[in-house]
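Here is a brief report on charged side-chain pairs. The sequence and structure come first.

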Amino acid sequence: MKTQQALKTRISAEPQPIEVDLSRTALLIIDMQRDFLEPGGFGETLGNDVSLLQAAVGPCKAVLEAARRAGILVIHTREGHRPDLSDAPPYKIERGAPSKRIGDVGPMGRILVRGEPGHDIIPELYPIAGEPVIDKPGKGAFCQTDLELTLQNAGISNILVCGVTTEVCVNTTVREANDRGYRCVVLGDCCASYFPEFHDMGLKMIKAQGGIFGWVSGSQEMLAAFADADAGLAPRFAQGSV
Ligand code: TIU
């Protein structure tokens with residue numbers, strides 16, 4: 001992070017706008033890996049149409065570039081396992097009837113295994129120096145990782161969440177983060193699912209009941225919030241920002 005100075009802004013969101021200090025805000029990009037977004041990876045072995053996830057790439061890239069310009073902490077996650085699969089629960093490997101199982105060799109290397117081409121983040125959103133990459137064995141990014149330590153060390157209290165899939169790793173991570181005291185703003189068009197109806201419901205679940213797990217916004221709203229902060233408009237929102 002380039003600055004620790006308060007950089008307050010207001011994000012238009014549902015169920016209500018949220019005022020945040022960008023110096024205490026991280027962008028968390030969940031599992032934008034070739035294994036989920038490209039043919040021949042884990043997502044496709046499960047029987048999914050991976051092209052559905054492409055919709056999130058452009059909006060995610062726009063927010064990523066704005067976050068980098070603003071100097072906020074950017075964190076990427078990757079779902080995957082050790083080559084010996086010692087951190088993969090047996091049921092995760094055995095369950096269902098995928099065309100290839102975790103650890104099998106596919107066109108992008110071994111499915112969902114760290115170090116393989118398919119496990120890597122897509123080129124459009126590739127991490128740059130200074131952006132932590134959290135490898136996670138499960139769906140939630142807090143489970144058996146050092147994400148929380150990384151957030152604490154950076155003084156983060158707000159998380160902007162993007163990535164795939166909306167109802168699986170995004171939802172699980174938001175629920176984990178919410179219970180740990182983080183304010184999560186999920187950028188809806190920066191997330192995607194193999195099931196459009198699950199994407200819609202996944203977002204609705206987060207913002208229902210007064211924002212039971214967090215807030216839902218979008219890339220355009222977030223870009224406007226970055227621009228407001230950049231233009232020095234934010235002080236009018238200073239009261240009560242977090
Ligand atoms: N299958 C599915 O929808 N998702 C996952 O297995 N992982 C993530 O969401 N990253």
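## A buried pair

Lys136 and Asp31 are both buried. This is a predicted model. The two side chains form a salt bridge, with 2.7 Å between the closest N and O atoms. Lys136 sits in strand β7 (residues 133–136), and Asp31 sits in the loop between β3 (25–30) and α1 (34–37), so the bridge ties together parts that are 105 residues apart in sequence.

## A long-range pair

Glu14 and Lys207 also meet through their side chains, in a salt bridge of 2.8 Å, N to O. Glu14 belongs to the loop between β1 (8–11) and β2 (18–21), while Lys207 belongs to helix α7 (residues 196–211), so this pair links parts that are 193 residues apart in sequence.

How accessible are these two residues? Glu14 has 42% relative accessibility and is partly exposed. Lys207 is partly exposed too, at 23%. Both values fall between the 20% cut-off for buried and the 50% cut-off for exposed.

## A pair within one helix

Glu65 and Lys61 form a salt bridge, their closest N and O atoms being 3.2 Å apart. Both residues lie in helix α3 (residues 57–70). They are four residues apart, about one turn of the helix. Glu65 is partly exposed, with a relative accessible area of 35%. Lys61 is partly exposed at 32% relative accessibility.

## Network and total

Some salt bridges share partners: Arg78, Asp120 and Asp135 are joined this way into one network. Across the whole structure, the search finds twelve salt bridges.

How values were computed:
Residues are numbered from 1 along each chain as its sequence is written. This is a predicted model: local features need pLDDT of at least 70, side-chain atom pairs count only at pLDDT 80 or more; totals for chains, interfaces and linings use all residues. Side-chain values use heavy atoms; hydrogens and water are left out. A salt bridge is a side-chain nitrogen of Lys or Arg within 4 Å of a carboxyl oxygen of Asp or Glu. Helices (H or I, at least four residues) and strands (E, at least two) are DSSP runs, numbered from the N terminus. Buried means under 20% relative accessible area, exposed over 50%, partly exposed in between (1.4 Å probe, protein chains only).
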